[in-house]
Amino acid sequence: MSASSDEHAGPDAPDASDQNAASDGDLDIDEAVSRVEHELGRLFARIRVSWREAAQTVHPDLQPLGYQVLTSIATGKATSAGAIIERLQTDKTAVSRQVRQLEQLGLVESVRDPDDRRARVLVATELAQERVTAARSRYEARLAERLGRWSQADLDRFAEMLSELGGGASDRADGKTPAS
């Protein structure tokens, strides 16, 4: 009788069934990642539709990127072309074109920066504020309807997971990621 290959491998060596289980685990993870990717694609498509609808609510000629530029200005999160480019991670030419259109539509004005009289900042007009508020309230109502059935703990965990997925955890000052 000859010794089996398992006896030669030693007691700590993984056997074929362990390797198959690991392969099955990898397939399960791959399938789960694929499902997440698919659902993110569906979510992004829905978000693009929402931006298009919101843009149309503000003005019939406004494009989704113009809406994003406008909301960045209206919320005060980006009030210069450079800040908008950084926030939206988009092209300088595209932002310039959108800002110019927003000015022509009477939705944005370029005014002197009160902190630096040599610089200019972009501000949303009262008309823009009203229309953005209307567009956002529709979107927020739809989102609240979908998420309203979730518990506070589920919402907090979902927000945390989205932040981690988006790189938020790696951007933390202490360099530590939150515990799972």
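Which exposed residues does the face of helix 6 turned away from its buried side carry? In this predicted model, that face holds E126, T133, R138 and E145. The buried residues of helix 6, by contrast, are A128, V132 and A135. Viewed down the helix axis, these buried residues fall within an arc of 75°, so they line one face of the helix. A general feature of helices fits here: an α-helix has 3.6 residues a turn, so residues three or four places apart point the same way. The length of helix 6 can be checked too: at 1.5 Å a residue, its 22 residues should span 32 Å, and the end C-alpha atoms are 31 Å apart, which agrees.

Attention now turns to the nonpolar core. The largest one has 21 residues, of which V58, L62, Y67, L70, I73, I84 and L102 touch the most other members. Two or more residues each come from helix 2 (16-58), helix 3 (64-74), helix 5 (92-104), strand 2 (116-124) and helix 6 (126-147). Helix 3 gives the largest share, five residues. A good place to start when looking around this region is L70: leaving aside residues up to four places away in sequence, L70 touches V58, L62, L102, L107, V108, A124, A128 and V132. Two of these contacts, A128 and V132, are also among the buried residues of helix 6.

Finally, the aromatic rings. The count comes to one aromatic pair, formed by W150 and F158. Their arrangement is edge-to-face, with 5.1 Å from centre to centre and 75° between the planes. W150 is partly exposed, at a relative accessible area of 37%, and F158 is partly exposed as well, at 32%.

How values were computed. Residues numbered from 1 in each chain as written. Predicted model: local features only at pLDDT ≥ 70, side-chain atom pairs only at ≥ 80, totals over all residues. Heavy atoms only, no water. Core = buried A, V, L, I, M, F, W, Y, C linked by side-chain atoms within 4.5 Å. Buried < 20%, exposed > 50% of the residue type's maximum accessible area, 1.4 Å probe, protein only. Helix = DSSP H or I, 4+ residues; strand = E, 2+ residues; numbered from the N terminus. Contact = heavy atoms within 4.5 Å. Expected span 1.5 Å × (residues − 1). Arc of directions from axis to C-beta. Phe/Tyr/Trp six-rings, centres within 6.5 Å; stacked < 30°, edge-to-face > 60°.
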